[in-house]
Amino acid sequence: MSILEKIKNKLATVNGGQAIYSDKKRVGKYSSQSEEVNMVEKPNEVEVQGYQRFLVSRDKIVPLDEQLKLKSDFMLPILKQYSHLSSLMDIGASNGYFVFLSNLLGFKKLCLLDHDHDYTEISKKIKEKFNLTNIDILTDKFGKNFGKYDTVLFLALIHWVYSCTSVYGKFDPIIKLLSEMTNNVLIIEWVDAEDAAVKDFKHLNFNKRKIKEEYSEKNFLKSLSKYFNSYTCVGHYQSGTRKVYIAFKDFLDNVNSTITYEVNGRPLQFQYVQPCNLLDEGASKIYFCPEQNLIMKKCKCYLEYGVFDREIFWLKELESLDFVPRLEHVDSEEKIIITSYMGKRINRANVPEDWRKQLENIITILKNHKVKNADLKETEILVNNGKLGIVDFGWASLDGDYSCGIGLPDASAFPHIKELKKENDIFTLIGNKLGE
Ligand SMILES: C[S@@+](CC[C@H](N)C(=O)[O-])C[C@H]1O[C@@H](n2cnc3c(N)ncnc32)[C@H](O)[C@@H]1O
(Lines give C-alpha, C1' and ligand atoms only; values in the text may rest on other atoms or scores of the structure.)
Protein backbone atom coordinates (compact mmCIF):
# COMPACT_ATOMS: atom_id res chain seq x y z
CA MET A 1 0.00 0.00 0.00
CA SER A 2 1.38 3.42 -0.88
CA ILE A 3 1.90 6.02 1.82
CA LEU A 4 -0.92 8.09 0.34
CA GLU A 5 -3.30 5.13 0.47
CA LYS A 6 -2.24 4.40 4.02
CA ILE A 7 -3.01 8.00 4.92
CA LYS A 8 -6.38 7.94 3.18
CA ASN A 9 -7.19 4.74 5.03
CA LYS A 10 -6.70 6.45 8.28
CA LEU A 11 -9.06 9.33 7.71
CA ALA A 12 -11.99 8.70 10.00
CA THR A 13 -14.17 11.76 9.91
CA VAL A 14 -14.77 13.96 6.95
CA ASN A 15 -16.90 17.02 7.43
CA GLY A 16 -17.10 20.29 5.56
CA GLY A 17 -14.23 19.17 3.39
CA GLN A 18 -12.07 18.68 6.48
CA ALA A 19 -10.65 15.27 7.22
CA ILE A 20 -10.07 14.72 10.92
CA TYR A 21 -7.45 12.07 11.37
CA SER A 22 -7.98 9.04 13.55
CA ASP A 23 -6.00 5.81 13.63
CA LYS A 24 -8.02 3.02 12.01
CA LYS A 25 -6.53 0.28 14.20
CA ARG A 26 -7.82 2.00 17.31
CA VAL A 27 -11.54 1.88 18.07
CA GLY A 28 -12.14 5.25 19.78
CA LYS A 29 -13.80 8.15 18.00
CA TYR A 30 -10.66 10.27 18.16
CA SER A 31 -7.62 8.07 18.61
CA SER A 32 -4.75 9.62 16.76
CA GLN A 33 -1.95 7.72 18.50
CA SER A 34 -1.36 4.26 17.11
CA GLU A 35 -0.14 2.98 20.50
CA GLU A 36 -2.74 0.96 22.38
CA VAL A 37 -3.12 2.16 25.93
CA ASN A 38 -3.25 -0.13 28.90
CA MET A 39 -2.62 -0.18 32.62
CA VAL A 40 -1.33 -2.84 34.97
CA GLU A 41 -2.48 -2.26 38.49
CA LYS A 42 -0.22 -3.20 41.39
CA PRO A 43 -0.99 -2.72 45.10
CA ASN A 44 0.63 0.71 45.45
CA GLU A 45 1.44 1.68 41.91
CA VAL A 46 0.20 1.56 38.35
CA GLU A 47 2.19 0.75 35.23
CA VAL A 48 0.88 2.69 32.26
CA GLN A 49 1.47 1.58 28.68
CA GLY A 50 0.82 3.56 25.53
CA TYR A 51 2.42 6.63 23.95
CA GLN A 52 3.86 7.47 27.36
CA ARG A 53 5.05 4.48 29.41
CA PHE A 54 5.56 5.05 33.12
CA LEU A 55 5.11 3.82 36.67
CA VAL A 56 3.11 6.04 38.96
CA SER A 57 2.35 5.85 42.66
CA ARG A 58 1.05 8.35 45.21
CA ASP A 59 4.48 9.92 45.71
CA LYS A 60 6.58 8.85 42.73
CA ILE A 61 6.55 8.79 38.94
CA VAL A 62 9.14 7.00 36.80
CA PRO A 63 9.32 7.05 32.99
CA LEU A 64 9.79 3.59 31.53
CA ASP A 65 11.00 4.37 28.03
CA GLU A 66 14.08 6.32 26.95
CA GLN A 67 12.13 8.89 24.95
CA LEU A 68 9.91 9.89 27.85
CA LYS A 69 12.86 9.86 30.27
CA LEU A 70 14.71 12.29 28.02
CA LYS A 71 11.74 14.61 27.79
CA SER A 72 10.97 14.31 31.49
CA ASP A 73 14.57 15.18 32.49
CA PHE A 74 14.35 18.22 30.21
CA MET A 75 10.94 19.36 31.47
CA LEU A 76 11.57 18.79 35.19
CA PRO A 77 13.56 21.99 35.95
CA ILE A 78 11.20 24.03 33.78
CA LEU A 79 8.12 22.77 35.60
CA LYS A 80 9.86 23.25 38.97
CA GLN A 81 10.55 26.84 38.03
CA TYR A 82 6.85 27.52 37.62
CA SER A 83 5.46 25.28 40.36
CA HIS A 84 4.95 28.38 42.52
CA LEU A 85 2.16 29.20 40.08
CA SER A 86 -0.71 27.17 41.33
CA SER A 87 -2.60 25.73 38.37
CA LEU A 88 -1.58 23.82 35.28
CA MET A 89 -3.34 22.42 32.24
CA ASP A 90 -1.80 19.90 29.86
CA ILE A 91 -3.41 19.90 26.40
CA GLY A 92 -2.91 16.70 24.41
CA ALA A 93 -1.74 15.14 27.66
CA SER A 94 -1.74 11.56 26.38
CA ASN A 95 -1.49 9.27 29.45
CA GLY A 96 -1.07 12.32 31.69
CA TYR A 97 2.59 11.82 32.60
CA PHE A 98 3.33 15.55 32.88
CA VAL A 99 0.16 16.20 34.88
CA PHE A 100 0.98 13.50 37.45
CA LEU A 101 4.57 14.80 37.57
CA SER A 102 3.39 18.43 38.04
CA ASN A 103 1.09 17.27 40.82
CA LEU A 104 4.09 15.84 42.64
CA LEU A 105 5.98 19.11 42.06
CA GLY A 106 3.35 21.06 43.95
CA PHE A 107 0.91 22.48 41.39
CA LYS A 108 -2.38 22.64 43.27
CA LYS A 109 -5.03 22.51 40.57
CA LEU A 110 -4.44 20.49 37.44
CA CYS A 111 -6.32 19.62 34.29
CA LEU A 112 -5.56 17.04 31.65
CA LEU A 113 -7.15 17.24 28.22
CA ASP A 114 -6.91 14.69 25.45
CA HIS A 115 -9.32 13.71 22.71
CA ASP A 116 -8.45 10.05 23.10
CA HIS A 117 -11.11 8.44 25.28
CA ASP A 118 -9.08 5.28 26.01
CA TYR A 119 -6.15 7.37 27.24
CA THR A 120 -8.24 9.63 29.47
CA GLU A 121 -10.10 6.60 30.93
CA ILE A 122 -6.79 5.25 32.18
CA SER A 123 -5.91 8.63 33.66
CA LYS A 124 -9.29 8.68 35.41
CA LYS A 125 -8.55 5.27 36.96
CA ILE A 126 -5.18 6.55 38.25
CA LYS A 127 -6.88 9.63 39.64
CA GLU A 128 -9.41 7.44 41.45
CA LYS A 129 -6.86 4.97 42.78
CA PHE A 130 -4.71 7.69 44.37
CA ASN A 131 -7.63 9.96 45.21
CA LEU A 132 -6.21 12.87 43.21
CA THR A 133 -9.25 15.11 43.54
CA ASN A 134 -7.28 18.19 42.43
CA ILE A 135 -6.92 16.81 38.88
CA ASP A 136 -9.67 17.33 36.31
CA ILE A 137 -9.70 15.02 33.32
CA LEU A 138 -11.39 16.09 30.09
CA THR A 139 -11.96 14.00 27.01
CA ASP A 140 -12.29 16.55 24.27
CA LYS A 141 -10.71 18.06 21.23
CA PHE A 142 -8.59 21.14 21.44
CA GLY A 143 -10.70 23.92 19.98
CA LYS A 144 -12.52 25.79 22.69
CA ASN A 145 -11.69 27.52 25.96
CA PHE A 146 -11.63 24.94 28.74
CA GLY A 147 -10.75 27.47 31.45
CA LYS A 148 -7.80 29.60 32.45
CA TYR A 149 -4.68 28.10 34.05
CA ASP A 150 -1.46 29.70 35.31
CA THR A 151 0.70 27.31 33.30
CA VAL A 152 -0.42 25.63 30.09
CA LEU A 153 1.47 22.77 28.43
CA PHE A 154 1.14 22.17 24.71
CA LEU A 155 3.74 19.54 23.97
CA ALA A 156 4.24 17.64 20.72
CA LEU A 157 0.83 18.77 19.53
CA ILE A 158 1.18 21.78 17.24
CA HIS A 159 1.80 19.60 14.14
CA TRP A 160 -1.28 17.52 14.97
CA VAL A 161 -3.72 20.38 15.45
CA TYR A 162 -2.43 22.46 12.54
CA SER A 163 -4.20 20.46 9.87
CA CYS A 164 -4.59 16.85 11.05
CA THR A 165 -6.62 16.15 14.20
CA SER A 166 -7.95 19.72 14.26
CA VAL A 167 -7.90 21.87 11.17
CA TYR A 168 -6.66 25.40 11.77
CA GLY A 169 -4.30 25.82 8.84
CA LYS A 170 -2.67 28.85 10.50
CA PHE A 171 -1.11 29.75 13.85
CA ASP A 172 -3.01 32.85 14.98
CA PRO A 173 -6.23 31.12 16.12
CA ILE A 174 -4.28 28.33 17.87
CA ILE A 175 -2.04 30.73 19.79
CA LYS A 176 -4.91 33.15 20.47
CA LEU A 177 -6.94 30.37 22.09
CA LEU A 178 -3.91 29.25 24.10
CA SER A 179 -3.33 32.81 25.27
CA GLU A 180 -6.96 33.02 26.41
CA MET A 181 -6.42 29.88 28.47
CA THR A 182 -3.10 31.03 29.99
CA ASN A 183 -2.72 33.24 33.05
CA ASN A 184 1.06 33.29 33.17
CA VAL A 185 3.11 30.94 31.03
CA LEU A 186 2.55 28.72 28.03
CA ILE A 187 5.12 25.96 27.56
CA ILE A 188 4.84 24.93 23.96
CA GLU A 189 6.87 22.56 21.84
CA TRP A 190 7.65 23.56 18.29
CA VAL A 191 7.77 20.53 15.98
CA ASP A 192 9.33 21.44 12.66
CA ALA A 193 8.13 20.29 9.24
CA GLU A 194 11.61 18.74 8.88
CA ASP A 195 11.11 16.59 12.00
CA ALA A 196 11.56 12.88 11.21
CA ALA A 197 8.11 11.96 12.58
CA VAL A 198 6.39 14.72 10.58
CA LYS A 199 8.26 13.76 7.42
CA ASP A 200 7.32 10.13 7.87
CA PHE A 201 3.72 10.52 9.00
CA LYS A 202 2.95 13.63 6.91
CA HIS A 203 0.70 15.31 9.46
CA LEU A 204 0.70 18.44 7.32
CA ASN A 205 -0.63 16.69 4.23
CA PHE A 206 -4.03 15.67 5.58
CA ASN A 207 -5.80 18.90 4.86
CA LYS A 208 -3.36 20.56 2.51
CA ARG A 209 -6.07 22.71 0.92
CA LYS A 210 -7.05 24.08 4.33
CA ILE A 211 -3.55 25.38 5.03
CA LYS A 212 -3.68 29.18 4.94
CA GLU A 213 -0.09 30.01 5.86
CA GLU A 214 3.16 28.13 5.66
CA TYR A 215 3.79 25.83 8.63
CA SER A 216 7.09 27.43 9.65
CA GLU A 217 8.80 28.36 12.89
CA LYS A 218 8.91 31.98 11.72
CA ASN A 219 5.12 32.15 11.38
CA PHE A 220 4.69 30.25 14.64
CA LEU A 221 6.87 32.78 16.49
CA LYS A 222 5.07 35.68 14.86
CA SER A 223 1.82 34.45 16.40
CA LEU A 224 3.50 33.82 19.76
CA SER A 225 4.66 37.46 19.83
CA LYS A 226 1.22 38.63 18.82
CA TYR A 227 -0.68 36.98 21.67
CA PHE A 228 1.97 36.83 24.37
CA ASN A 229 4.07 39.55 25.89
CA SER A 230 7.36 37.79 25.11
CA TYR A 231 8.84 34.33 24.70
CA THR A 232 12.05 32.45 25.17
CA CYS A 233 13.42 29.27 23.62
CA VAL A 234 14.64 26.88 26.31
CA GLY A 235 16.26 24.46 23.89
CA HIS A 236 15.50 20.92 22.86
CA TYR A 237 15.53 17.52 24.48
CA GLN A 238 16.04 15.37 21.44
CA SER A 239 16.78 17.00 18.13
CA GLY A 240 16.74 20.58 16.88
CA THR A 241 13.50 19.94 15.03
CA ARG A 242 11.67 19.89 18.39
CA LYS A 243 12.24 23.01 20.45
CA VAL A 244 10.52 24.05 23.63
CA TYR A 245 9.38 27.66 23.95
CA ILE A 246 8.02 29.43 27.00
CA ALA A 247 5.66 32.29 26.20
CA PHE A 248 4.91 34.85 28.91
CA LYS A 249 1.74 36.77 29.54
CA ASP A 250 3.76 39.18 31.65
CA PHE A 251 7.46 40.02 31.79
CA LEU A 252 7.55 39.45 35.49
CA ASP A 253 6.85 35.77 34.94
CA ASN A 254 10.09 35.55 33.06
CA VAL A 255 12.83 34.52 35.43
CA ASN A 256 16.33 35.60 34.47
CA SER A 257 16.42 34.51 30.87
CA THR A 258 16.61 35.95 27.42
CA ILE A 259 13.32 37.00 25.92
CA THR A 260 12.19 37.94 22.47
CA TYR A 261 10.12 41.09 22.15
CA GLU A 262 8.95 42.72 18.94
CA VAL A 263 9.90 46.34 18.42
CA ASN A 264 8.23 47.91 15.41
CA GLY A 265 7.62 44.47 13.88
CA ARG A 266 11.22 43.29 14.49
CA PRO A 267 11.77 40.43 16.95
CA LEU A 268 14.68 41.42 19.19
CA GLN A 269 16.49 39.43 21.87
CA PHE A 270 16.63 41.08 25.28
CA GLN A 271 18.59 39.85 28.27
CA TYR A 272 17.37 40.43 31.78
CA VAL A 273 19.75 42.79 33.53
CA GLN A 274 18.43 43.79 36.94
CA PRO A 275 15.57 45.43 38.74
CA CYS A 276 16.33 49.12 38.36
CA ASN A 277 14.45 50.70 41.20
CA LEU A 278 16.32 50.23 44.43
CA LEU A 279 13.40 51.48 46.48
CA ASP A 280 11.63 48.29 45.62
CA GLU A 281 13.61 45.63 43.79
CA GLY A 282 10.49 44.49 42.01
CA ALA A 283 9.17 47.88 40.85
CA SER A 284 10.54 47.51 37.36
CA LYS A 285 12.81 45.27 35.40
CA ILE A 286 15.55 46.15 32.98
CA TYR A 287 16.45 44.18 29.87
CA PHE A 288 19.24 44.84 27.38
CA CYS A 289 19.33 44.14 23.65
CA PRO A 290 23.04 43.96 22.70
CA GLU A 291 22.27 43.70 18.98
CA GLN A 292 20.61 47.12 18.86
CA ASN A 293 22.06 48.70 22.00
CA LEU A 294 18.60 49.14 23.45
CA ILE A 295 17.28 49.07 26.99
CA MET A 296 13.81 47.87 27.81
CA LYS A 297 12.21 48.95 31.07
CA LYS A 298 9.11 47.14 32.21
CA CYS A 299 7.35 49.19 34.90
CA LYS A 300 5.23 47.32 37.37
CA CYS A 301 4.76 49.40 40.53
CA TYR A 302 3.67 52.91 41.45
CA LEU A 303 1.80 53.27 38.18
CA GLU A 304 -1.01 54.98 40.08
CA TYR A 305 1.42 57.84 40.80
CA GLY A 306 2.01 58.31 37.09
CA VAL A 307 5.64 57.11 37.06
CA PHE A 308 5.28 55.46 33.64
CA ASP A 309 3.66 58.43 31.90
CA ARG A 310 5.90 60.96 33.67
CA GLU A 311 8.98 59.12 32.48
CA ILE A 312 7.72 59.24 28.89
CA PHE A 313 6.82 62.92 29.27
CA TRP A 314 10.39 63.77 30.29
CA LEU A 315 12.08 61.55 27.72
CA LYS A 316 10.15 63.43 25.02
CA GLU A 317 10.69 66.81 26.64
CA LEU A 318 14.44 66.27 26.94
CA GLU A 319 15.02 64.43 23.68
CA SER A 320 17.53 66.98 22.40
CA LEU A 321 19.91 66.31 25.31
CA ASP A 322 22.55 63.71 24.60
CA PHE A 323 22.87 62.68 28.27
CA VAL A 324 19.20 61.58 28.33
CA PRO A 325 18.18 58.22 26.74
CA ARG A 326 16.56 58.44 23.32
CA LEU A 327 13.00 57.13 23.40
CA GLU A 328 12.58 54.33 20.83
CA HIS A 329 9.31 52.58 21.64
CA VAL A 330 6.43 52.73 24.11
CA ASP A 331 4.00 49.92 24.89
CA SER A 332 1.37 51.61 27.08
CA GLU A 333 -0.60 48.42 27.59
CA GLU A 334 2.40 46.43 28.84
CA LYS A 335 4.00 49.48 30.50
CA ILE A 336 7.20 49.07 28.55
CA ILE A 337 9.62 51.81 27.60
CA ILE A 338 12.44 51.10 25.16
CA THR A 339 15.31 53.57 24.95
CA SER A 340 18.88 53.81 23.74
CA TYR A 341 21.55 52.24 25.97
CA MET A 342 23.31 54.80 28.18
CA GLY A 343 26.02 52.63 29.69
CA LYS A 344 26.70 51.11 33.08
CA ARG A 345 26.19 52.64 36.50
CA ILE A 346 29.02 54.93 37.46
CA ASN A 347 31.70 52.94 39.29
CA ARG A 348 35.42 52.98 39.97
CA ALA A 349 36.19 51.11 36.77
CA ASN A 350 34.32 53.39 34.37
CA VAL A 351 34.36 56.79 36.04
CA PRO A 352 35.81 59.54 33.80
CA GLU A 353 38.23 62.01 35.35
CA ASP A 354 35.96 64.96 34.68
CA TRP A 355 32.84 63.36 36.14
CA ARG A 356 32.16 66.28 38.52
CA LYS A 357 32.35 68.80 35.67
CA GLN A 358 30.06 66.68 33.46
CA LEU A 359 27.56 66.21 36.28
CA GLU A 360 27.53 69.92 37.17
CA ASN A 361 26.78 70.67 33.54
CA ILE A 362 23.97 68.06 33.46
CA ILE A 363 22.39 69.43 36.63
CA THR A 364 22.53 73.03 35.32
CA ILE A 365 20.88 72.04 32.04
CA LEU A 366 18.17 70.02 33.86
CA LYS A 367 17.51 73.01 36.13
CA ASN A 368 17.07 75.20 33.05
CA HIS A 369 14.44 72.71 31.86
CA LYS A 370 12.77 72.95 35.31
CA VAL A 371 13.36 69.25 36.00
CA LYS A 372 13.19 68.63 39.73
CA ASN A 373 14.13 65.03 40.21
CA ALA A 374 12.89 63.92 43.60
CA ASP A 375 14.74 60.71 43.22
CA LEU A 376 18.27 61.40 41.98
CA LYS A 377 20.59 58.65 43.13
CA GLU A 378 24.05 57.52 42.12
CA THR A 379 22.46 54.44 40.53
CA GLU A 380 20.83 56.69 37.94
CA ILE A 381 24.10 58.14 36.74
CA LEU A 382 25.46 55.97 33.96
CA VAL A 383 28.70 56.06 32.00
CA ASN A 384 29.23 55.09 28.38
CA ASN A 385 32.66 55.63 26.81
CA GLY A 386 33.57 58.30 29.33
CA LYS A 387 30.29 60.20 28.93
CA LEU A 388 27.80 60.57 31.77
CA GLY A 389 24.11 59.91 31.22
CA ILE A 390 21.12 60.18 33.51
CA VAL A 391 18.06 57.93 33.67
CA ASP A 392 14.81 57.39 35.53
CA PHE A 393 12.51 60.41 35.40
CA GLY A 394 9.41 58.73 36.84
CA TRP A 395 9.46 60.90 39.97
CA ALA A 396 10.72 64.10 38.33
CA SER A 397 8.40 67.09 38.68
CA LEU A 398 8.16 70.19 36.52
CA ASP A 399 9.50 72.61 39.10
CA GLY A 400 7.51 70.90 41.87
CA ASP A 401 4.42 70.19 39.75
CA TYR A 402 4.01 66.39 39.45
CA SER A 403 1.20 66.80 36.93
CA CYS A 404 3.89 68.24 34.62
CA GLY A 405 1.21 70.53 33.27
CA ILE A 406 -0.47 67.66 31.42
CA GLY A 407 -2.68 66.27 34.18
CA LEU A 408 -0.45 63.43 35.43
CA PRO A 409 -1.33 62.05 38.90
CA ASP A 410 -0.10 63.90 41.95
CA ALA A 411 2.91 61.89 43.04
CA SER A 412 3.23 63.93 46.22
CA ALA A 413 0.53 61.64 47.62
CA PHE A 414 3.11 58.83 47.55
CA PRO A 415 3.76 57.97 51.21
CA HIS A 416 7.53 57.80 50.72
CA ILE A 417 7.83 61.00 48.72
CA LYS A 418 9.36 62.87 51.65
CA GLU A 419 12.06 60.27 51.84
CA LEU A 420 12.65 60.64 48.13
CA LYS A 421 12.62 64.40 48.33
CA LYS A 422 15.23 64.73 51.05
CA GLU A 423 18.02 66.74 49.54
CA ASN A 424 20.50 64.09 48.59
CA ASP A 425 23.75 65.55 47.50
CA ILE A 426 24.38 63.51 44.42
CA PHE A 427 28.08 64.46 44.43
CA THR A 428 28.48 63.03 47.93
CA LEU A 429 26.56 59.89 46.99
CA ILE A 430 28.79 59.27 44.00
CA GLY A 431 31.93 60.23 45.93
CA ASN A 432 31.04 57.69 48.61
CA LYS A 433 30.47 55.02 46.02
CA LEU A 434 33.80 55.72 44.35
CA GLY A 435 35.56 55.74 47.71
CA GLU A 436 36.70 59.33 47.23
C1 LIG B 1 2.29 13.21 20.29
S2 LIG B 1 1.26 13.02 21.65
C3 LIG B 1 2.02 14.12 22.82
C4 LIG B 1 1.70 13.77 24.23
C5 LIG B 1 2.32 14.68 25.29
N6 LIG B 1 1.85 16.04 25.13
C7 LIG B 1 3.81 14.62 25.25
O8 LIG B 1 4.45 15.56 24.78
O9 LIG B 1 4.36 13.62 25.69
C10 LIG B 1 -0.15 13.93 21.16
C11 LIG B 1 -1.33 13.75 22.09
O12 LIG B 1 -2.30 14.71 21.74
C13 LIG B 1 -3.57 14.12 21.56
N14 LIG B 1 -4.22 14.90 20.50
C15 LIG B 1 -3.90 14.97 19.20
N16 LIG B 1 -4.70 15.83 18.57
C17 LIG B 1 -5.54 16.34 19.49
C18 LIG B 1 -6.61 17.28 19.44
N19 LIG B 1 -6.94 17.87 18.31
N20 LIG B 1 -7.27 17.57 20.59
C21 LIG B 1 -6.93 16.96 21.76
N22 LIG B 1 -5.94 16.05 21.86
C23 LIG B 1 -5.24 15.74 20.73
C24 LIG B 1 -3.29 12.69 21.19
O25 LIG B 1 -4.35 11.84 21.56
C26 LIG B 1 -2.01 12.42 21.95
O27 LIG B 1 -2.30 11.89 23.23
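**Notes on the predicted model**

1. Starting with helix 8 (residues 217-227): its buried residues are E217, N219, F220, L221, S223, L224 and S225. Those residues have plenty of company, packing against helix 5 (158-163) and helix 6 (172-181), and also against strand 11 (182-191), strand 12 (230-233), strand 13 (242-248) and strand 14 (258-263). Bear in mind throughout that this is a predicted model.

2. For the overall picture, the protein has 12 helices and 24 strands. Of its 436 residues, 53% are buried. If you take the contacts with a separation of 6 or more, 63% of them are between residues 24 or more positions apart.

3. Strand 11, one of the elements helix 8 packs against, deserves its own look. Nine of its 10 residues are buried, so strand 11 is largely enclosed by the rest of the structure. Strand 10 (residues 149-154) runs parallel to strand 11, and five bridges join them. In that pairing, V152 stands opposite L186 of strand 11. Strand 13 is joined to strand 11 too, here in the antiparallel sense and through seven bridges. If you want a residue pair to click on, V185 has F248 in strand 13 as its bridge partner.

4. Next, the open sheet of four strands, where the order is 3-4-5-6 and the pairing is antiparallel. Strand 3 (38-41) and strand 6 (61-63) are at the edges with a single partner strand each, so one side of each has no neighbour in the sheet. From one strand to the next, the twist averages 15°. Inside the sheet, strand 4 (residues 45-49) and strand 5 (residues 54-57) are paired over four bridges, in the antiparallel sense. There, V48 stands opposite F54 in strand 5.

5. Helices lie across those strands as well. Helix 3 (residues 97-105) lies across strand 5 and strand 6, and its direction is at about 140° to strand 6. Helix 4 (residues 117-129) lies across strand 3, strand 4 and strand 5, running at about 170° to strand 4.

6. Helix 3 has a helical partner too: helix 2 (residues 66-81) packs with it at an angle of about 40°, the axes being 11 Å apart. Helix 2 and helix 3 are therefore oblique to each other, and their crossing is right-handed. On the helix 2 side the contact involves L68, K71, S72, M75, L76, L79 and K80, which meet Y97, F98, L101, S102 and L105 in helix 3. By class, the residues of this contact are eight nonpolar, two polar and two charged. As a reminder for reading such lists, an α-helix has 3.6 residues a turn, so residues three or four places apart point the same way.

7. What is the angle between helix 10 (residues 355-368) and helix 12 (residues 426-434) where they pack? The angle is about 150°, and the axes are 11 Å apart. That makes helix 10 roughly antiparallel to helix 12, and the crossing of the two is right-handed. W355, R356, L359, E360 and I363 are the helix 10 residues here, and they meet I426, F427, I430, G431 and L434 in helix 12. The contact of helix 10 with helix 12 comes out as seven nonpolar, one polar and two charged residues.

Conventions: Residues are numbered from 1 along each chain as its sequence is written. This is a predicted model: local features need pLDDT of at least 70, side-chain atom pairs count only at pLDDT 80 or more; totals for chains, interfaces and linings use all residues. Side-chain values use heavy atoms; hydrogens and water are left out. Buried means under 20% relative accessible area, exposed over 50%, partly exposed in between (1.4 Å probe, protein chains only). Contact means heavy atoms within 4.5 Å. Two strands pair if DSSP finds at least two bridges between them. Axes are lines fitted to C-alpha atoms, for helices over the stretch in contact, and angles run from 0 to 180 degrees between N-to-C directions. Angles under 35 degrees count as roughly parallel, over 145 as roughly antiparallel, 65 to 115 as roughly perpendicular and the rest as oblique. A crossing is left-handed if the near helix is turned anticlockwise from the far one by less than a right angle, and right-handed if clockwise. Ala, Val, Leu, Ile, Met, Phe, Trp, Tyr, Cys and Pro count as nonpolar, Asp, Glu, Lys and Arg as charged, and the others, Gly among them, as polar.
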